[in-house]
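Here is a protein to explore together. Take a look at the chain first, and then we'll walk through it piece by piece.

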Amino acid sequence: MRVYVNYENKKWKKYNIDFEKIASAAVPAVYKNSEVSITLVDDKQIHQLNKQYRGIDKPTNVLSFELQDDVLLGDIFISLDTVAKEADAANISIEEHTAHMIVHGMLHLQGYDHLTDKEAEVMENKEIRILKQLGYKNPYEECCCECEYGCCCCALAHKIASIKIRENSLWQYVCSAVFGVMCSFGFAPFNLWMLSVFGIGGMYYLMVKSTRDISFFKSWLTAFPFGAFYGMAMFWWVLHSIYVIPELAKQFAVWTIPGLLGIGLICGIILSIPFAVIRYVSIKPAYRAILFATTWTLVLWLREWFLTGFPWNPISNITMTLPMVINSMALWGALGLSFVIIGLIASFIELIKNKKCKSCWFVFVMYVVLFLGGCSYGYFNMKQSTMNNIDNAPLIRIVQPAESAVYKMPKSRQEAQEIAEQKVKDLITWAKSDNNILPDIIVYPETAYPYVIVDDKFPLSRVLNTNVIMGTNSFKDGNMYNSMMFADRNGFVKHLYSKSHLVPFGEYRPFGDIIPTPGQLTPGNGKEIIDISTNKGVFAVAPAVCYEIIFTDSLVPKGTNPDAVINITNDTWFGRTPGVYQHLDMVRRYAIESGLPIVRANYSGISAFIMPDGNVESVLPVGQNGHLDGFVWGKHKTPYRIIGRDLLMLIILLFSTVVSISISVFQKKD
């Protein structure tokens, strides 16, 4: 067989490759008088060919152009740049990987393909057999250990690595979905953080195990089940709200299945992006781990704005049971800790696949150092959170009604008036203690007050003879608001803060009247500070209504340093589902990030006093009626509160860029 080799890229000449021998071994005897052309190029040239003839705007390793002629078989183009990257990732020589590309290309010229599982199996088996004859190992066999089954762990790892899950196969999509569901178990109330780590690591391995060139859409489609099932397993409890009130259930129950599918669709689109990026972009393993962590963090950052934002359960929250780890968020927030956790997972997988890759070791060690450094600062933050004096802290009383939501749905105007009057009496009763201790501040939860605030009169606080924080609705200039009201002991409303981050589909219609929504409220003006005069002095608080607490930069105005955050909420809609416990963890996260203690009044529970290190000092559990007295102290400014969410994201982007450039420079000098 005659093989014509064209060296378009002269760097190919330094490699000792017998192109004629390899190409001849890849064809049967019937082709002994045939001819083939092998053109050796770089990424720039093969990128142009790939875009022109395949419509894929990126470089690839090998391209074959079949002429469907028994004598003139066709042309093969091989890129040195991509082959070198893939050889480095697989810990094999460029000569060995080039041999695989020649065999692969020659089989394409003979009509073999890998568009379906059956076709791929036939083609890969022929490649394996031909390469074995040439003295090369099976290119599709991945061994994650260097010993020959010297221990049970290595034997198990080899067995797992030998399992073939082909791209676009049913098993690939099933595994993707299973890994997504596993990730959801790292959060409260399960707190099985190792399952989240394994789910992300498993999905990462599934995406990078193959080097076959595919489009971004196919990359995204491969990861879509992960994001979709991760989202549905993590957020299904939102739909529990439909069934809390019978009247609402009759109207909205029909939206249960569409709602669940909608959650899966949105999460599948968004949460699959990091995996799609690293599968599509052809880069070296070390860079790939950094790119994955950076993209994951960027997606988390972007979630702060989608449909007014829903940054629920950043991956950092799986470490809530690890105090020193979770307190590292005081240094770099949920964004930074998520970047470190994801980077650790990805770099560890790359290290398993590429043990001889120096840059992979460097990236893995870098993330380990970041992780340990964060833990060290976390320990420091835990110490800081207990340093301030409790003597000047006012006594605060949280009231938790823990009533059924059905109680709020009167059938007539008269019944509504009767319920409201009884409700006011209950609010007074629930706030009184057996020992007649009068607190400095009484905090009622969201929507506790049965009337709408329209002026500055609030006689309830005069009856209680103390400062009152009350969750209520307010009406002004034709608009309705979900508000937190502060009234002094003389019965006057001193401050009215209205919720700015409204819940889509619950408090406002993001798509007009296309999807029914129970309420249509107006957003407030955002960050404010409320100064409350007490016997211990002025107590400055940052107000937060409901899930506003999950937005990392949403509560404390720049240049202010309040004594605490007061968060009023109503989780009655979610019963005892995971959402209730995850909401508490989001509050704990904010306390750590901001360095501020938090007073949390929840209508149905969980109400709590939370310290700046995320520790829950005291708590009223779900469904328990009563009140809880406590103090909060330990406020301090954290580096993250000073830096802020957006600047921190910019720092992560710059850090990733600098590290990647440094690795590139180091490799060139090596």
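What follows goes from the whole chain to one sheet, one helix and a few single residues.

Keep in mind that you're looking at a predicted model. Let's begin with the whole thing. The protein chain has 670 residues, and 54% of them count as buried. If you drew a box around the C-alpha atoms along the principal axes, that box would be roughly 105 × 55 × 45 Å. Inside the chain there are 21 helices and 17 strands. How do the parts meet? Take the contacts between residues at least 6 apart in sequence: 68% of these join residues at least 24 apart.

Now zoom in on a sheet. Strands in a sheet pair through backbone hydrogen bonds, and the pairing can be parallel or antiparallel. This one is an open sheet of 4 strands, ordered β1-β2-β4-β3, and its pairing is mixed. At the edges you'll find β1 (2–7) and β3 (62–66), each of which pairs on one side only. On average, neighbouring strands here are turned by 15 degrees against each other, if you ignore direction. Look at β2 (residues 35–41) and β4 (residues 72–79): these two run parallel and are joined by 7 bridges. To find your place there, spot Thr 39, which stands opposite Phe 77 in β4.

The sheet has helices for company. Helix α2 (residues 43–54) packs on the sheet and touches β2, β3 and β4, with its direction at about 50 degrees to that of β3. Helix α4 (residues 94–109) lies across β2, β3 and β4 too, and runs at about 145 degrees to β4.

Next up is helix α16 (residues 358–384), where you can try a little arithmetic check. Its 27 residues, at 1.5 Å a residue, should span 39 Å, and the end C-alpha atoms are indeed 39 Å apart, so the two values agree. Plenty of residues in α16 are buried, including Ser 359, Phe 364, Gly 374 and Asn 381.

What about the cysteines? The structure holds 0 disulfides. Take Cys 267: the closest cysteine sulfur is in Cys 183, and because it is 12 Å away, that is too far for a bond. A disulfide needs the two sulfur atoms within 2.5 Å. Cys 267 also counts as buried, because its relative accessibility is 9%, and Cys 357 is buried as well, at 3%.

Let's finish with two single residues. Ser 176 lies in helix α7 (residues 170–184). Is Ser 176 buried or exposed? Its relative accessible area is 0%, so Ser 176 is buried. Setting aside residues up to four places away in sequence, Ser 176 touches Met 203, Leu 206, Thr 222, Ala 223, Pro 225 and Phe 226. With Thr 222 there's a further detail: the side chain of Ser 176 reaches the backbone oxygen of Thr 222 at 3.4 Å.

Tyr 444 sits in the loop between β6 (441–443) and β7 (452–453). Even though we're in a loop now, Tyr 444 counts as buried, at 0% relative accessibility. Which residues is Tyr 444 in contact with, leaving aside neighbours within four places in sequence? Among them are Val 399, Leu 427, Leu 464, Met 470, Ile 568 and Ala 601. The side chain of Tyr 444 reaches the backbone oxygen of Leu 427 at 2.6 Å. Finally, find Ile 566: 122 residues separate it from Tyr 444 along the chain, yet their C-alpha atoms are 10 Å apart.

Note on methods: Residues numbered from 1 in each chain as written. Predicted model: local features only at pLDDT ≥ 70, side-chain atom pairs only at ≥ 80, totals over all residues. Heavy atoms only, no water. Buried < 20%, exposed > 50% of the residue type's maximum accessible area, 1.4 Å probe, protein only. Pairing = 2+ DSSP bridges. Axes fitted to C-alpha atoms, helices over the stretch in contact; angles between N-to-C directions. Contact = heavy atoms within 4.5 Å. Polar contact = N/O pair within 3.5 Å; in protein donor to acceptor, adjacent residues only side chain to side chain. Expected span 1.5 Å × (residues − 1).
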